[in-house]
Amino acid sequence: MKSHTTGFVALLLITLTLGLAASNFISADAFAPHATAGLIIQQPTPTPTAQLDSEIGSTDGILIMGIVIVLIVTLPILFRKK
């Protein structure tokens, strides 16, 4: 009975994966009644001006957090007692 359930779950996952992959390639224009349906709703807006608030070295915190995450993952693997 367990093998039937495992096979059913595997078939369900494969079907779901293939269905989602196939839906990625279907054009949204095929579902619209008119090709210009989306153009009617759009309103032109001015482009916002760029704000230059960034400074050199502002990603140091991200780098340190990445190093900490790598150490948290690798140190237990290295020092695991056999």
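Student: Which element of the protein chain has the lowest mean pLDDT, and which the highest?
Tutor: This is a predicted model, and among its elements helix H2 (residues 37-41) sits at the bottom with a mean pLDDT of 57. Helix H3 has the highest mean, 88.

Student: What should I do where pLDDT is low?
Tutor: Don't read the predicted coordinates in detail there.

Student: And what's the mean pLDDT of the protein chain?
Tutor: The mean is 77, and 66% of the residues reach 70 or more.

Student: OK, the fold. How many helices and strands are there?
Tutor: The protein chain has 3 helices and 0 strands. Going along the sequence, the pattern reads α-α-α.

Student: What share of the residues is buried?
Tutor: That comes to 0% of the 82 residues in the protein chain.

Student: How much area does the protein chain expose, then?
Tutor: About 8,300 Å², with carbon and sulfur atoms supplying 71% of it.

Student: Which residues form a nonpolar patch on the surface?
Tutor: Ile 64, Met 65, Val 68, Ile 69, Ile 72, Val 73 and Ile 77. Together they have about 680 Å² of accessible area.

Student: Let's pick Ile 72. Where is it found?
Tutor: Ile 72 is in helix H3, which covers residues 60-78.

Student: Why does Ile 72 count as exposed?
Tutor: Because its relative accessibility is 58%, and exposed means over 50%.

Student: Switching to Thr 74: which helix does it lie in?
Tutor: Thr 74 lies in helix H3.

Student: Why is Thr 74 called partly exposed?
Tutor: Thr 74 has a relative accessible area of 30%, so it falls between the 20% cut-off for buried and the 50% cut-off for exposed.

Student: What does the side chain of Thr 74 reach?
Tutor: The Thr 74 side chain reaches the backbone oxygen of Val 70, at 2.8 Å.

Technical notes
Residues numbered from 1 in each chain as written. Predicted model: local features only at pLDDT ≥ 70, side-chain atom pairs only at ≥ 80, totals over all residues. Heavy atoms only, no water. Helix = DSSP H or I, 4+ residues; strand = E, 2+ residues; numbered from the N terminus. Buried < 20%, exposed > 50% of the residue type's maximum accessible area, 1.4 Å probe, protein only. Areas by Shrake-Rupley, 256 points an atom, 1.4 Å probe, with all protein chains shown as cover. Patch = residues over 30% accessible without salt bridge, like charges linked within 9 Å, V, L, I, M, F, W, Y side chains within 5 Å. Salt bridge = Lys/Arg side-chain N within 4 Å of Asp/Glu carboxyl O. Polar contact = N/O pair within 3.5 Å; in protein donor to acceptor, adjacent residues only side chain to side chain. pLDDT = per-residue confidence, 0-100.
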